[in-house]
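Thanks for coming, everyone. I'll take this one from a single residue outwards. Have a look at the screen first.

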Amino acid sequence: MPRPFRFGVNLLDAAPAGEWRAKCRRAEELGYDVILVPDHLGWVAPFPALVAAAQATRRPRLGTFVLNAGFSNPALLAREVATTDALTDGRLELGLGTGYVREEHERAGLPWGSPGERVDELRHTVEELERLLASPDHRPQPVQRPRIPLLIGANGDRMLRLTAEHADIAAFTGARPAPGSAGGLIPLTAAELDERVALYRKSAAGRAEPAELNLLIQLVAVTDDPEPVLRPLLERHPRLSLEEALALPIVLVGSLEQIVGRVLAQRERFGFSYLTVLEPYMEAFAPVLEALRGR
C-alpha cells in the first residue's frame with residue numbers, strides 16, 4: 001500500500017505577529033499537515049517563527065525546510081532544536097541541508113567551502129545532533145522520543161547516501177544548481193529524478209524502516225490555459241518547450257483533475273507521498289489537497 005499523503009506549506013515572508021498568526025491559521029484551515037519555514041538571510045528566522053506558528057495553531061506539525069548547516073554550531077543548534085521542540089509541544093520536524101547560496105555565507109562572514117566540504121559539515125552536524133539530543137544529560141531535553149523526525153534535503157550522490165543513512169524524511173529538491181549561478185537552479189526532468197530516486201533507494205536498501213519521500217513543488221496553478229502561467233519559467237529556461245515544462249515533476253499546472261492525476265502518478269512512479277508547496281501557491285494548491293485528503 002502507498003504511504004498516505006501529507007502536505008506542507010513553506011512560509012517565506014516575515015510578517016508582524018498578527019499577520020503571521022493569521023496566515024498560519026489559514027494554512028491549518030486549508031488542511032495543510034505541516035507548516036514549514038526556510039533558512040535564508042532576509043527571510044523569516046526559523047525557530048521563533050515556528051514557536052509563533054505553534055501558538056496560533058493546534059494540528060499542523062512544524063518544520064524547518066531546511067536549515068543551512070553552515071549557519072550553526074551543532075551544540076548551539078541542539079539547544080535551539082530542543083527548546084523549539086518543547087515550546088511547540090513536540091510538533092517539530094527538523095530539516096537540514098548544506099545550503100546552496102554562496103552570497104549568503106559571504107554576507108554572514110562564514111566560509112563557503114567546496115561541495116564536498118559542505119557535505120562533510122552537514123554530516124558532522126547531523127551526527128552531533130543525534131548524539132547530543134539522544135543523551136539523557138543534554139539540557140534542555142526535547143519532548144519527542146525516541147527522536148525528533150529528521151528531514152534532509154538532497155540531490156547529489158553523497159547527499160543522497162547521507163540521507164539514506166540518517167533521515168526519516170528524504171526531501172528531493174527536484175532541481176540542481178545552475179553552473180556559475182549564485183543560487184540559481186535548473187529543474188530536473190522526470191527521467192533525471194528517476195535516476196536520483198533510484199540511487200537513494202539503492203543506498204537505503206538496508207534500512208529497517210523506509211523513509212517518507214518528499215518533493216518541493218515550485219509552481220502550482222489550476223488553469224485550463226497553462227501557457228501564460230509557464231511563460232516566466234520558459235523565459236528563464238529557454239531550452240524548455242511548453243510540453244517539457246508541463247512534464248517537470250516540480251510543476252503542477254493544469255485542470256484540477258489533471259493535477260490530482262499527476263500527484264497520484266508521481267507517488268506511484270517516485271514514491272512521493274509528502275509534497276511541499278511554496279507560500280505563494282498555498283491557496284492555489286488547496287483544492288488539490290482537498291481532493292487527495294485521506295488517499
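When I say two residues touch, I mean heavy atoms within 4.5 Å. One caution before the details: this is a predicted model.

Start at Glu-93. It sits in strand S5, residues 92–97. Is Glu-93 buried or exposed? Its relative accessibility is 6%, so Glu-93 counts as buried. What does this side chain pair with? The side chain of Glu-93 makes a polar contact with the side chain of Arg-6, at 2.9 Å. The side chain of Glu-93 makes another with the side chain of Arg-61, at 2.7 Å. Leaving out residues up to four places away in sequence, Glu-93 touches ten residues by name: Arg-6, Val-34, Arg-61, Leu-62, Gly-63, Thr-64, Ile-148, Pro-149, Ile-169 and Tyr-274.

Keep Ile-169 and Tyr-274 in mind for the cores. The largest nonpolar core has 82 residues. Which of them touch the most other members? Tyr-32, Leu-96, Phe-172, Tyr-200, Phe-272 and Phe-285 do. Take Phe-272. Beyond four places in sequence, its contacts include Phe-5, Phe-172, Leu-193, Val-197 and Leu-213. Polar residues are on that list too: Asn-214, Gln-266 and Arg-267 touch Phe-272. Apart from the largest core lies another, of 10 residues. Among its members are Leu-12, Leu-36, Ile-169 and Tyr-274.

Now helix H5, residues 115–134. It has 20 residues and reaches 29 Å from first C-alpha to last, close to the 28 Å expected. Its buried residues are Arg-118, Val-119, Leu-122, Thr-125, Val-126, Leu-129, Leu-132 and Leu-133. They cover an arc of only 165° around the axis, which puts them on the same side of H5. Recall the geometry: an α-helix has 3.6 residues a turn, so residues three or four places apart point the same way. What does the buried set pack against? Helix H3, strand S5, strand S6 and helix H6. S5 is the strand that holds Glu-93.

H6 brings us to His-166, which is in that helix. His-166 has a relative accessible area of 10%, so it is buried. How far is His-166 from Val-126? They are 40 residues apart in sequence, but 7.8 Å apart in space, C-alpha to C-alpha. Beyond four places in sequence, His-166 is in contact with Arg-123, Val-126, Glu-127, Glu-130, Arg-147, Leu-150 and Ile-152. Its side chain also makes a polar contact with the side chain of Glu-165, at 3.4 Å.

Next, helix H1, residues 17–30. It has 14 residues and reaches 20 Å, close to the 20 Å expected. Trp-20, Lys-23, Cys-24, Ala-27, Glu-28 and Leu-30 are buried there. What covers them includes strands S1 and S2, and helices H2 and H11. Gly-31 follows H1, with a positive phi near 100°.

On to backbone geometry. Most residues other than glycine have a negative phi, and most peptide bonds are trans. Where does this model depart from that? A cis peptide bond joins Phe-65 and Val-66, with omega about -10°. Val-66 lies in the loop between strands S3 and S4. The peptide bond from Arg-145 to Pro-146 is also cis, with omega near 10°. Pro-146 lies in the loop between H5 and S6. Then there is Asp-89, whose phi is positive, near 60°. Asp-89 is in the loop between H3 and S5. Its relative accessible area is 64%, so Asp-89 is exposed.

One more residue: Arg-262, in helix H10, residues 256–270. At 21% relative accessibility, Arg-262 counts as partly exposed; the cut-off for buried is under 20%. Beyond four places in sequence, Arg-262 touches Leu-246, Ala-247, Leu-248, Pro-249, Val-251 and Leu-252. Its C-alpha and that of Ala-134 are separated by 40 Å.

Last, the whole chain. It has 11 helices and 13 strands. The C-alpha trace spans about 55 × 45 × 40 Å along its principal axes. What radius of gyration would a compact globule of 295 residues have? Near 19 Å, and the chain has 19 Å, which agrees. Of the 295 residues, 52% count as buried. Among contacts between residues at least 6 apart in sequence, 73% join residues at least 24 apart.

How values were computed
Residues numbered from 1 in each chain as written. Predicted model: local features only at pLDDT ≥ 70, side-chain atom pairs only at ≥ 80, totals over all residues. Heavy atoms only, no water. Helix = DSSP H or I, 4+ residues; strand = E, 2+ residues; numbered from the N terminus. Buried < 20%, exposed > 50% of the residue type's maximum accessible area, 1.4 Å probe, protein only. Polar contact = N/O pair within 3.5 Å; in protein donor to acceptor, adjacent residues only side chain to side chain. Expected span 1.5 Å × (residues − 1). Arc of directions from axis to C-beta. Core = buried A, V, L, I, M, F, W, Y, C linked by side-chain atoms within 4.5 Å. Rg over C-alpha atoms; globule rule 2.2 N^0.38 Å.
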